[in-house]
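Work through the following exercises with the sequence and the three-dimensional model at hand. Each task is followed by its solution.

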Amino acid sequence: MTESTSQSTPEVTVSSDNPTAETAVSDEVKEIRATIAAAKPEGSYVKLAMRNMVRKGRQSLWHFFLTTIGLVSLLVGLAYLTKP
């Protein structure tokens, strides 16, 4: 169930004979953009973790292989110890 919110920017026509109005509209647009940027949620934990893995690729792969070898060793060791 997703909700879609449509945010439309107000269209304002500015005449070229009034540069002050153009500056005011420009400031309003900047404020609106800043508000929208501040309202965006931060990335989820998974996204941040994936970004960190990409950034530190070699270290992440090394830790992955160490974890895999450790887990397989643990399972094989437990299977050997519980063998009848």
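**Exercise 1.** Determine what percentage of the 84 residues of the chain count as buried.

*Solution.* The model is predicted: local features need pLDDT of at least 70, side-chain atom pairs count only at pLDDT 80 or more, and totals for chains, interfaces and linings use all residues. Residues are numbered from 1 along each chain as its sequence is written, and side-chain values use heavy atoms, with hydrogens and water left out. Buried means under 20% relative accessible area, exposed over 50%, and partly exposed in between (1.4 Å probe, protein chains only). By this criterion, 1% of the 84 residues are buried. The chain exposes about 8500 Å² (Shrake-Rupley method, 1.4 Å probe), with carbon and sulfur atoms supplying 62% of that area.

**Exercise 2.** State how many helices and strands the chain has, and identify the element with the highest mean pLDDT.

*Solution.* Helices (H or I, at least four residues) and strands (E, at least two) are DSSP runs, numbered from the N terminus. There are three helices and zero strands. Confidence is expressed as pLDDT, from 0 to 100 for each residue. Helix 3 (residues 57-81) has the highest mean, 94, and helix 1 (residues 19-39) the lowest, 72. For the chain, the average is 77, and 64% of the residues score at least 70.

**Exercise 3.** Classify methionine 50 and arginine 55 as buried, partly exposed or exposed.

*Solution.* Methionine 50 lies in helix 2 (residues 45-55); its relative accessibility is 47%, so methionine 50 counts as partly exposed. Arginine 55 is also found in helix 2; its relative accessible area is 64%, and arginine 55 is therefore exposed.

How values were computed
pLDDT = per-residue confidence, 0-100.
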